[in-house]
Amino acid sequence: MSEGADERFDGVLLNIAQQSGSIENILDSFFGFLQRKTDFFTGCADEQAAEQLVLKYYKKHWKAGLKRRQEQQERNKVADAERKKKVEEQKRKDEEEFNRRQAEAKKRKEEQPKIEEVTEEEAAKIKDAKKEKKGDEEEEEKDDKEPPPPGNGGSTDKYTWTQTLGALEVFVPVPPGVKAKQIVCDLGGETLKLGVKGEPLILNGKLHAKVKPDDCMWTLVDNKMVQVTMEKFDNMKWWNCVMEGDAGIDTKKIVPENSKLSDLDGETRMTVEKMMYDQRQKSMGKPTSDQEKQHDLLEKFKQAHPEMDFSKAKVNYGGGGGGGFGM
């Protein structure tokens, strides 16, 4: 019987197989059918004849099944070799990237200015030069048109990070191939320790601000990167760095997405928008929203009392910075 002819009964046989539940039950049902409904057992001259007939077709399909199994094993072997090759290639690339980062970090560290002893006269000259430079930098800041930091975060030679008002994520490269059980990560309310067992800690110090340890977690990504997610204790402030002493970002340039603001409740959103407005006003040397309100109240009072002279009055609106109004 051809293979195509065999397939005619697949629907019926699959139904039998599903109801039988196992190979033993399928064979038992089939030989039971032969015994009840045919003369397979009663019509044979002897037991050997029936047994040989069964073995004939068993061996036929055993050979076909063996060939198919060998072909599948060969395909699996090729696929495994290809997967292994890709894994090794990716591991090599990851190791090269990790070593490159380490070399760049070492180079930056070596290029950092070293402390040298100077005389008082030289110290005074350096101080004056810094004052002049600071004045030039303040002028440049006014015309600074740099875009907001990516992800509202930044990067150092040890990690990159992003943040929202309520949380931040830190991505720390580790030697490729490490296992999760090798990672050391200790998150406290104000401290973070992270590294690989048996090696010096990559991060070890005080955080920029408090976090909620119970709501923090870490994950090993692709066995080459540790992702640390932290919930801020104060979810109304932007961080300018993750670890104290690391390079910071200019939080005045952060512009939250509108979609994020829309997720906040009404009262919180108003507070955030007010904070953002005041921050922009202060950066431009203009009055904050509270100072503007106080100014408006004073103007109304002056209009209600024209007999009073305010020309020589000096008004301090307070409000923690910002610009003022001319009287």
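Visitor: Why does E89 count as partly exposed?

Guide: In this predicted model, E89 has a relative accessibility of 34%. Buried would need a value under 20%, and exposed one over 50%. E89 at 34% falls in between, so partly exposed is the label.

Visitor: What makes R92 partly exposed?

Guide: Same cut-offs, applied again. The relative accessible area of R92 is 37%. That is neither under 20% nor over 50%, so R92 is partly exposed.

Visitor: How do you know that the side chains of R92 and E89 meet in a salt bridge?

Guide: The N to O distance between them is 2.4 Å. A side-chain nitrogen of Arg has to come within 4 Å of a carboxyl oxygen of Glu, so a pair at 2.4 Å qualifies. As for where they sit, both belong to helix α4, which covers residues 47–111. They are three residues apart there, about one turn of the helix.

Visitor: What separates E97 and R100 in helix α4?

Guide: About one helical turn, because they are three residues apart. Their side chains meet too, with 2.6 Å from N to O. The limit is 4 Å, so this pair also earns the name salt bridge.

Visitor: Are E97 and R100 buried or partly exposed?

Guide: E97 has a relative accessible area of 30%, and R100 comes to 37%. Neither value is under 20% or over 50%, so both residues are partly exposed.

Visitor: Which side chain meets that of K302 in a salt bridge?

Guide: E299 does, at 3.3 Å from N to O. With the cut-off at 4 Å, the pair counts, so salt bridge is the right term. K302 and E299 are three residues apart in helix α8, about one helical turn. At 24% relative accessible area K302 is partly exposed, and so is E299 at 26%.

Visitor: Which residues do salt bridges that share partners join into one network?

Guide: E89, R92 and E96. Searching the whole structure turns up six salt bridges.

Visitor: How do you know that the reach of α8 is close to what is expected?

Guide: Helix α8 spans residues 289–304, which is 16 residues. From first C-alpha to last it reaches 23 Å, set against 22 Å expected at 1.5 Å a residue. The expected figure is 1.5 Å times one less than the number of residues, so the two values are close. The buried residues of α8 are S289, Q291, H295 and L298.

Visitor: Why is N152 called buried?

Guide: Its relative accessibility is 14%. Buried means under 20%, so N152 passes. N152 lies in the loop between α5 (120–142) and β1. Its phi is near 60°, a positive value in a residue other than glycine.

Visitor: And what makes D222 count as exposed?

Guide: D222 has 58% relative accessibility. The bar for exposed is over 50%, so D222 clears it. D222 is in a loop as well, between β7 and β8, and has a positive phi near 55° without being glycine.

Visitor: Why are β1 and β7 called edge strands?

Guide: Start with the sheet: five strands make an open, antiparallel arrangement in the order β1-β2-β3-β8-β7. β1 (154–155) and β7 (217–221) each pair on one side only, and they are the edge strands.

Visitor: How do you know that β1 pairs with β2?

Guide: Two bridges join β1 to β2 (residues 160–163), and the strands run antiparallel. Pairing takes at least two bridges, so two is enough. In β2, T160 is the bridge partner of S155.

Visitor: Which residues have the most contacts inside the largest nonpolar core?

Guide: V170, M230 and V242, in a core of 32 residues. Elements giving two or more residues to this core are β3 (167–173), β4 (183–187), β5 (191–196), β8 (225–231) and α7 (266–283). Leaving out residues up to four places away in sequence, V242 touches several residues, including V170, M230, W161 and L168.

Visitor: What does the secondary structure of the chain come to?

Guide: Eight helices and eight strands. Of the 327 residues, 21% count as buried.

Key: Residues numbered from 1 in each chain as written. Predicted model: local features only at pLDDT ≥ 70, side-chain atom pairs only at ≥ 80, totals over all residues. Heavy atoms only, no water. Helix = DSSP H or I, 4+ residues; strand = E, 2+ residues; numbered from the N terminus. Buried < 20%, exposed > 50% of the residue type's maximum accessible area, 1.4 Å probe, protein only. Core = buried A, V, L, I, M, F, W, Y, C linked by side-chain atoms within 4.5 Å. Contact = heavy atoms within 4.5 Å.
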